[in-house]
Amino acid sequence: VPEGKDDGNPNWCGIHRDQGLFTGLIAPMYKKDRQVVDKPDGVGLYIRNQEIKVPDDVVIFQVGEVADLLTNQGVIATDHHVKKAYGSHERYSFALFFAVDDNMRMYSERVDPQYQSRFKNGMTYKEWTEVSLKRYAYQEESKNPQ
């Protein structure tokens, strides 16, 4: 987004929870005009509207929805989002998503209400992933409704 412009969307990535077990993250790098620059103010990873500053020599972990389910909400999945910078900045980071085996059957006694439409006791992790990722799929509206 060019300097001084506002596209009405403050996020590179809106608020969400990762659907897997855990996500490992390293410190991001920012570039502008192909040059590494300092992190602009007010941008980056946010958890519950709190900016998260990851030191260069640290890996952090976010809790995913599967950990939330498998621990009966003993640990809670991390709501997070990434705020973008204006003025042609680019953000580079690396996320390593940890999952369980695709064929593992999942059971939970305490299910967060936001999982109710997706989770069924006994479903496999693969089924959970397919159902969870469908919520992000683009659905083109029909231009000629019947």
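Which helix do the buried residues of helix 2 pack against? In this predicted model, the buried residues of helix 2 pack against helix 1, which spans residues 65-70. Helix 2 itself covers residues 125-134, and its buried residues are Tyr125, Trp128, Thr129 and Ser132. When one looks down the axis of helix 2, these buried residues fall within an arc of 100°, so they line one face of the helix.

**Salt bridges**

Side chains of opposite charge can pair when their charged atoms come close. The count for this model comes to six salt bridges, and three of the pairs are set out in the table below.

| Pair | Closest N to O distance |
|---|---|
| Glu51 and Lys39 | 2.6 Å |
| Glu65 and Arg118 | 3.0 Å |
| Glu65 and Arg135 | 3.6 Å |

Glu65 forms a salt bridge with Arg118, and this pair links distant parts of the chain, since Glu65 belongs to helix 1 while Arg118 sits in the loop between strand 10 and helix 2, 53 residues apart. Glu65 has a relative accessible area of 1% and is therefore buried, and Arg118, at 7% relative accessibility, also counts as buried.

Glu65 forms a salt bridge with Arg135 as well; Glu65 lies in helix 1 and Arg135 in the segment after helix 2, so the pair ties together parts that are 70 residues apart in sequence. Arg135 is partly exposed, with a relative accessible area of 35%.

A further salt bridge joins the side chains of Glu51 and Lys39, and here Glu51 is in strand 6 (residues 50-51) whereas Lys39 is in the loop between strand 4 and strand 5, twelve residues apart. Glu51 counts as partly exposed at 22% relative accessibility, and Lys39 is partly exposed at 33%. Elsewhere, Arg17, Asp68, Asp79 and Asp112 are linked in a network of salt bridges.

**Pockets**

The largest pocket holds about 190 Å³ of space and is lined by 14 residues, of which Leu25, His80, Val82, Ala95 and Phe97 lie nearest its centre. Strand 1, strand 2, strand 8 and strand 10 each supply at least two residues of this lining, which divides into seven nonpolar, five polar and two charged residues.

The second largest pocket has a volume of about 150 Å³, and Pro28, Lys39, Ile52, Lys53 and Val54 lie nearest the centre of this pocket, among the 13 residues that line it. Its lining divides into seven nonpolar, one polar and five charged residues.

Terms used. Residues are numbered from 1 along each chain as its sequence is written. This is a predicted model: local features need pLDDT of at least 70, side-chain atom pairs count only at pLDDT 80 or more; totals for chains, interfaces and linings use all residues. Side-chain values use heavy atoms; hydrogens and water are left out. Buried means under 20% relative accessible area, exposed over 50%, partly exposed in between (1.4 Å probe, protein chains only). Helices (H or I, at least four residues) and strands (E, at least two) are DSSP runs, numbered from the N terminus. The arc is that of the directions from the helix axis to the C-beta atoms. Contact means heavy atoms within 4.5 Å. On a 1 Å grid over the protein atoms alone, a cavity is a set of points where a 1.4 Å probe fits but cannot get out, and a pocket is an open set with protein on both sides within 12 Å along at least five of seven lines; lining residues have an atom within 4 Å of a point. Grid points are joined across faces, edges and corners, and a volume is the space filled by probe spheres set on the points. Ala, Val, Leu, Ile, Met, Phe, Trp, Tyr, Cys and Pro count as nonpolar, Asp, Glu, Lys and Arg as charged, and the others, Gly among them, as polar. A salt bridge is a side-chain nitrogen of Lys or Arg within 4 Å of a carboxyl oxygen of Asp or Glu.
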